[in-house]
Each structure stands twice: as structure tokens, then as C-alpha cells.
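Trainee: I've got a new structure to look at and I'm not sure where to start. Could you walk me through it?

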Amino acid sequence: IDQTLHGIDRNARTRQEMGTQVVVNSKLTPFEDMEVTNSLRLFSNYLNKPQNVDMDWELNITQKINWFFTIRFNLHLIYDDDVRFPVFDENNQPVLLPDGSEKKVAGLQLKEFVGLSLQFKF
């Protein structure tokens, strides 16, 4: 993979940052046989732009259909100021800066998943 797409330096395998992380977890049962879990992680880097807070939020909703089927919805949102995406114009061409390099901005990353699970409980 090209690790530079994920904010890691070209000749490095990992990225280490010193900062503060706050994690908030919750679990709710709004209806019988439905469970909603949330996990929110907020991180601020002490050494590089501490005012920019990275966010990682995961929401899982699980609904039991009957004794062996369960449906699950998973939503995962990530915002990391260090991960930059190219900007495209209306013709789908990269926007260039005055020095000729591509303009890149931080953006929201989204992953969603809907699944049907088969469970056996004895």
C-alpha cells in the first residue's frame, strides 16, 4: 500500500503522535431484542495543531429477528486532519496550487455495513 495516503511518512511503517485521547462508550436497549452501541474517540495531538481534534465514531445497531437470525447495521465515521484527499474541479481534474502541486484537504471518511447474521445459541 501507499502509506503516504494514510498520513504515514514514505520511509516509515507507523506514525506516532503524542497527545490526549478521550473515549466515550455507551450501550442502549431502546426496544426488546435491539441493542445500540456507540464508541466515540477524540484525539488531540500536543505537538502538531492541537486545536484540530481527530474523531473516530462507530455506531452498531443489532436487531434480533428470531432465535437464529440477527440483522446488524454498522456506521463508522473518521475525521483525521492528517489524512488529506485531493480536490477535484467540475471536470473531475485535480485542482493545482500555484507551485504546481495538487491541492489536498482533510475530509470525512465513511464506512457503513449492513449484515444478516446466523446465530446458534445452545
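Mentor: Let's go through the strands, the salt bridges and the surface, bearing in mind that this is a predicted model.

Trainee: Okay, how many bridges join E1 to strand E2?

Mentor: Start with where the strands lie: E1 covers residues 19-28, and E2 covers residues 34-45. They run antiparallel, and one facing pair is Ser26 with Asn38 in E2. The number of bridges joining E1 to E2 is ten.

Trainee: Which residue takes a positive phi in the hairpin of E1 and E2?

Mentor: Look at the turn, where five residues sit between the strands. The phi there is near 70°, and the residue that has it is Asp33.

Trainee: And over how many bridges do E2 and strand E3 pair?

Mentor: E3 spans residues 53-64, and its pairing with E2 is antiparallel too. For a landmark, find Ser44, which stands opposite Val53 in E3. The bridge count for E2 and E3 is eleven.

Trainee: Now the charges. How many salt bridges does a search of the whole structure find?

Mentor: Let's list them by their partners. Asp2 meets Arg10, Asp56 meets Arg41, and Asp81 pairs with Lys49. The search of the whole structure gives a total of three.

Trainee: Take Asp56 and Arg41: how many residues apart in sequence are the parts that the pair ties together?

Mentor: Their side chains form a salt bridge with an N to O distance of 3.2 Å. Asp56 belongs to strand E3 and Arg41 to strand E2, so the salt bridge ties together parts whose separation in sequence is 15 residues.

Trainee: Is Asp56 buried or exposed?

Mentor: Its partner Arg41 is partly exposed, at 24% relative accessibility. The cut-off for buried is under 20% relative accessible area. Asp56 comes in at 19%, so it counts as buried.

Trainee: What about Asp2 and Arg10: which relative accessibility does Arg10 have?

Mentor: The two side chains meet at 3.9 Å, N to O. Asp2 is partly exposed, with a relative accessible area of 32%. Arg10 counts as exposed, because its relative accessibility is 56%.

Trainee: On to Asp81. With which side chain does Asp81 make a polar contact?

Mentor: Asp81 is in strand E4 and is buried, with a relative accessible area of 9%. Beyond its neighbours within four places in sequence, its contacts include Asp54 and Ala106. The polar contact, at 2.8 Å, is with the side chain of Asn52.

Trainee: How far apart are the closest N and O atoms in the salt bridge of Asp81 with Lys49?

Mentor: Lys49 is partly exposed, at 39% relative accessible area. For the salt bridge between Asp81 and Lys49, the closest N and O atoms are apart by 3.8 Å. That pair links distant parts of the chain, strand E4 and the loop between E2 and E3, 32 residues apart. So the distance you asked for, taken under a cut-off of 4 Å, is 3.8 Å.

Trainee: Which residue joins its side chain to Asp99 in a polar contact?

Mentor: Asp99 sits in the loop between strand E4 (69-86) and strand E5 (104-118). It is exposed, with a relative accessible area of 63%. At 2.7 Å, its side-chain partner is Ser101.

Trainee: Last one: about how much accessible area does the nonpolar patch on the surface have?

Mentor: The patch is formed by Val22, Val24, Leu42 and Val53. Among them, Val24 lies in strand E1 and counts as partly exposed, at 46% relative accessibility. Together, the four residues have an accessible area of about 280 Å².

Terms used
Residues are numbered from 1 along each chain as its sequence is written. This is a predicted model: local features need pLDDT of at least 70, side-chain atom pairs count only at pLDDT 80 or more; totals for chains, interfaces and linings use all residues. Side-chain values use heavy atoms; hydrogens and water are left out. Patches are made of residues with over 30% relative accessible area and no salt bridge: like charges are joined within 9 Å, nonpolar side chains (Val, Leu, Ile, Met, Phe, Trp, Tyr) within 5 Å. Accessible areas come from the Shrake-Rupley method with a 1.4 Å probe; for residues, only the protein chains shown count as cover. Helices (H or I, at least four residues) and strands (E, at least two) are DSSP runs, numbered from the N terminus. Buried means under 20% relative accessible area, exposed over 50%, partly exposed in between (1.4 Å probe, protein chains only). A polar contact is a pair of N or O atoms within 3.5 Å; within protein, one must be able to donate a hydrogen and the other to accept it, and residues adjacent in sequence count only if both atoms are side-chain atoms. Contact means heavy atoms within 4.5 Å. Two strands pair if DSSP finds at least two bridges between them.
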